[in-house]
Amino acid sequence: MSQDKSVIKGFALMDMSVRGGQYVGNWRVLMPVVDESKCVACGLCATICPEAAIKGKPKVKPKIDMRFCKGCGVCANECPSKAIEMKKEAA
Ligand code: SF4
Ligand code: SF4
């Protein structure tokens, strides 16, 4: 009998060499909110998001795909314009 190698004792193995692609579910506590009046469209947040949840590039304001954002706050912490604020997720 062949065994599914992607599942071992109930744990799914993830390819850690690829960013993102994992849905957040409903456990996120904080969510990033972009103040477009402060954003200078530098593209940094899209580059550094460990979940690849932010689509953007220089000269294009970012769009965050909340299906994949884990609420880690890296983008808010690193934004040079302080344009991203972490807010409590609505219940
Ligand atoms: S890092 Fe900040 S200023 Fe740069 S694109 Fe993202 S939100 Fe805008
Ligand atoms: S909070 Fe974390 S996961 Fe969500 S968009 Fe920002 S850097 Fe990506």
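Ligand 1 has 14 residues around it, and those that come nearest are Cys-39, Cys-42, Leu-44, Cys-45 and Cys-79. A second ligand, ligand 2, is surrounded by 13 residues. The model is predicted. Its protein chain has 91 residues, of which 19% count as buried.

**Ligand surroundings**

- The shell around ligand 1 is made up of 11 nonpolar and 3 polar residues, with no charged ones.
- Around ligand 2, the closest residues are Cys-49, Cys-69, Cys-72, Val-74 and Cys-75.
- The shell of ligand 2 divides into 9 nonpolar residues, 2 polar residues and 2 charged residues.

**Overall fold**

- The protein chain contains 2 helices and 6 strands.
- Read from the N terminus, the order of these elements is β-β-β-α-β-β-α-β.
- Contacts between residues at least 6 apart in sequence can be sorted by separation, and 62% of them join residues at least 24 apart.

**Nonpolar core**

- The largest nonpolar core consists of 11 residues.
- Its cysteines are Cys-45, Cys-49, Cys-69, Cys-75 and Cys-79.
- Cys-45 and Cys-79 from this core are also among the residues nearest to ligand 1.
- Cys-49, Cys-69 and Cys-75, again from the core, are among the residues closest to ligand 2.
- The remaining core members are Val-34, Ala-53, Ile-54, Ile-64, Ala-83 and Ile-84.
- Ile-54, one of the core residues, touches Cys-45, Ala-46, Cys-49, Pro-62, Ile-64 and Cys-75 when residues up to four places away in sequence are left out.

**Two alanines with positive phi**

- Most residues other than glycine have a negative phi.
- Ala-41 is not a glycine, yet its phi is positive, at about 55°.
- Ala-41 sits in the loop that runs between strand S3 (30–34) and helix H1 (44–48).
- Ala-41 counts as partly exposed because it has 15 C-beta neighbours inside 10 Å, a count between the limits of 12 or fewer for exposed and 20 or more for buried.
- Ala-52 is likewise not a glycine and has a positive phi of about 55°.
- The loop that holds Ala-52 lies between H1 and strand S4 (54–57).
- Ala-52 has 15 C-beta neighbours inside 10 Å, so this alanine counts as partly exposed.

Technical notes. Residues are numbered from 1 along each chain as its sequence is written. Chains are lettered from A and ligands numbered from 1 in the order in which they are written. This is a predicted model: local features need pLDDT of at least 70, side-chain atom pairs count only at pLDDT 80 or more; totals for chains, interfaces and linings use all residues. A residue is near a molecule or strand if its C-beta atom, placed from the backbone, lies within 6 Å of it. Ala, Val, Leu, Ile, Met, Phe, Trp, Tyr, Cys and Pro count as nonpolar, Asp, Glu, Lys and Arg as charged, and the others, Gly among them, as polar. A nonpolar core is a set of buried Ala, Val, Leu, Ile, Met, Phe, Trp, Tyr and Cys residues joined through C-beta atoms within 7 Å. Two residues are in contact if their C-beta atoms, placed from the backbone, lie within 7 Å. Helices (H or I, at least four residues) and strands (E, at least two) are DSSP runs, numbered from the N terminus.
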